[in-house]
Amino acid sequence: MSRPMDIDPSGQSIVDLPALAEIVRNTAGALHAAGVRAGDRVAVYKENHFDCLLIAAAVVRVGAIPVMLSGLLPPDTARPLLQRVEPSLLIGTRRLLEEQDSNGELVSAFAERTLCLDGDVPGALRLTDLLGGPVPEFVPRGDDELMMLTHTSGTTGVPKLIMYTPEKLQGQMARLECRKLPPLTFTRDDVAAMFLPYVHARAFTWIYSVLTLSPATTLLVSENDPEVVGPLLRQHRPTVIEALPIDFQRMVPLADENGGDAFAAVRMFIGNFDAMRWSVIRVFLNASKHRFPVWREGYGQSETGGMGMTMITRYRANKRRDENPGPRKVGRPMPGFVELKVVDPTTFRPVPTGQPGVVLAKTKARCVGYYKEPERWREKAVGDWWNTGDIGLMTRTGALMLLDREVNHTPGGSCLEHEDVIVERLPRGHDVALLPVPDGPPVPVVAAPGGELDRERWRAAVRGVPELAEPVVIDFEDMPRTGTGKILRQELRRRHLEGAGSPGHGRWT
């Protein structure tokens, strides 16, 4: 682990499976001592770390329901989620428990009891005072009973709370990657490095695959600072790395150091949660010394799990993005697991091959609802099909190409494609978000180092791209993002477009 766990007083950073099981049992005993009982809802709101998974396992062990909240959520966003679930216990760290929202309230005001993991907070229980007691009996959960709540990314407002059952999370979402499908899944020789928001459902499906396929070593990383990550990767030499786009972006300097030795042994890079810039994919595939490294790009949503996959080779990545024009290909649906179709957004009738429309998915892994928000669920559930809120098109060979989110889509173009081309042409350390408006060309928001953009480089970067408005330039660190690194485009609109409307209606986001 990149740092010790917040729930383990011993401070160890190298643990085996028996030790992890013992930590879960001890934590379950502490929760039981704190008054948690079967059927209770327990909110987890702490800094990102693998121990979020272990806390959730301990909560489930006593028959309660973990409500997993990212520690990157500001109190004003965490508050409505806590009000919605009314937790019996809120588990957090001192920094988050003592931070006030815009009304001057603490998040602990919305839970019956509070448990602090790392110190004293007035009115809160302390974990160290509760450890060491008897371990309660395991309380089994029925396949169709509510097992866990996690939240969506919240790119367009207050996140939704997704309801998972054992059948959906374990029986369906985790099923495909728990199969031995070399070279797409782990082997027993792999050293797997994982960068994840460990409160996300993806972390839960991933841990099932680790426990089933048993890679030799697993590196559990909770930060992306190259100075922290570099020594860990050089010492253990991962062969598989999965990370968010923002994590890979932060680690680009490591690929330049010492001939990219931190990534020399990697046979497979895995990108999830959002589209990865082509220039970043190229950097890592070129840093690997493996004979045939690949980049596995997944397409999925929290509500459905994986829906498609594409593999990018080093040869393909070294073709510039503008040499391979067209919307981004996200792969084909997984046979026997997922069906995809593209429909007219008004009539919901299938559109011809190659014509844009809204992407619908049918999968047995679809979650069972949004907690206490059935109307938001009904907006997206179309019978057995799920409205992804994405605009895409199907190729003649059955591959899905993504254009944009519906809320950000203007007919006749693809902001995602144009962003890819522009970022490819700009120097490293830049990112771009194109914001379409109803009455003019899209407005580019350019995140540049130090907030300074070379205008000559910009003009060269947008040559051949459809007309754009004058760019809004911000510092790279000021680009608003979700806890999983997705750009908050609605927040950019609020900050820089003075209320200009979106081209789409956004009901399906």
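Okay, let's start with how I sort residues: Ala, Val, Leu, Ile, Met, Phe, Trp, Tyr, Cys and Pro count as nonpolar, Asp, Glu, Lys and Arg as charged, and the others, Gly among them, as polar. What we have here is a predicted model, so local features need pLDDT of at least 70 and side-chain atom pairs count only at pLDDT 80 or more, while totals for chains, interfaces and linings use all residues. Residues are numbered from 1 along each chain as its sequence is written, and side-chain values use heavy atoms, with hydrogens and water left out.

Cavities, then. I mean a set of points, on a 1 Å grid over the protein atoms alone, where a 1.4 Å probe fits but cannot get out; lining residues have an atom within 4 Å of a point. Grid points are joined across faces, edges and corners, and the volume is the space filled by probe spheres set on the points. That rule gives 3 cavities of 30 Å³ or more.

The largest cavity holds about 70 Å³ of space. Its lining has 6 nonpolar, 2 polar and 4 charged residues, and among them are Glu177, Arg202, Glu242 and Arg296. Which element gives the most to that lining? That's α7, with 4 residues. Both α7 (201–213) and β11 (268–271) supply at least two residues each. By helices and strands I mean DSSP runs, H or I of at least four residues for a helix and E of at least two for a strand, numbered from the N terminus.

The second largest cavity comes to about 40 Å³. Here the split is 8 nonpolar, 1 polar and no charged. Helix α1 (residues 17–33) contributes the most to this lining, with 3 residues. The full set is Ile7, Thr27, Ala30, Leu31, Ile55, Ile91, Leu115, Leu117 and Leu127.

On to helix α3. Buried, for me, is under 20% relative accessible area, exposed is over 50%, and partly exposed is in between, with a 1.4 Å probe and protein chains only. In α3 (residues 75–85), the buried residues are Pro75, Ala78, Arg79, Leu81, Leu82, Arg84 and Val85. What do they pack against? Five strands: β1 (41–46), β2 (65–70), β3 (89–92), β6 (148–151) and β7 (161–164). Contact there means heavy atoms within 4.5 Å.

Right after α3 comes Glu86, with a positive phi near 50°. Glu86 sits in the loop between α3 and β3, and it counts as partly exposed because its relative accessibility is 47%. Lys372 also isn't a glycine, and its phi is positive too, near 60°. You'll find Lys372 in the loop between β17 (369–370) and α13 (374–380); at 48% relative accessibility, Lys372 is partly exposed.

Now a loop residue on the inside. Pro471 lies between α15 (455–461) and β23 (472–475). Is Pro471 buried or exposed? Buried, because its relative accessibility is 11%. Leaving out residues up to four places away in sequence, Pro471 touches Pro444, Val446, Leu453, Arg455 and Trp458. Val443 is 28 residues from Pro471 in sequence, yet the two C-alphas are 6.3 Å apart.

Last, cysteines. How many disulfides turn up, counting pairs of cysteine sulfur atoms within 2.5 Å? The whole-structure search finds 0. Cys52 is in no disulfide, and its nearest cysteine sulfur is that of Cys116, 14 Å away. For Cys116, the closest cysteine sulfur is in Cys52, and 14 Å is too far for a bond. Cys52 is buried at 1% relative accessibility, and Cys116 is buried at 1% as well.

Methods
Disulfide = S-S within 2.5 Å. 1 Å grid on protein atoms, 1.4 Å probe; cavity = no way out; pocket = protein on both sides within 12 Å on 5 of 7 lines; lining within 4 Å.
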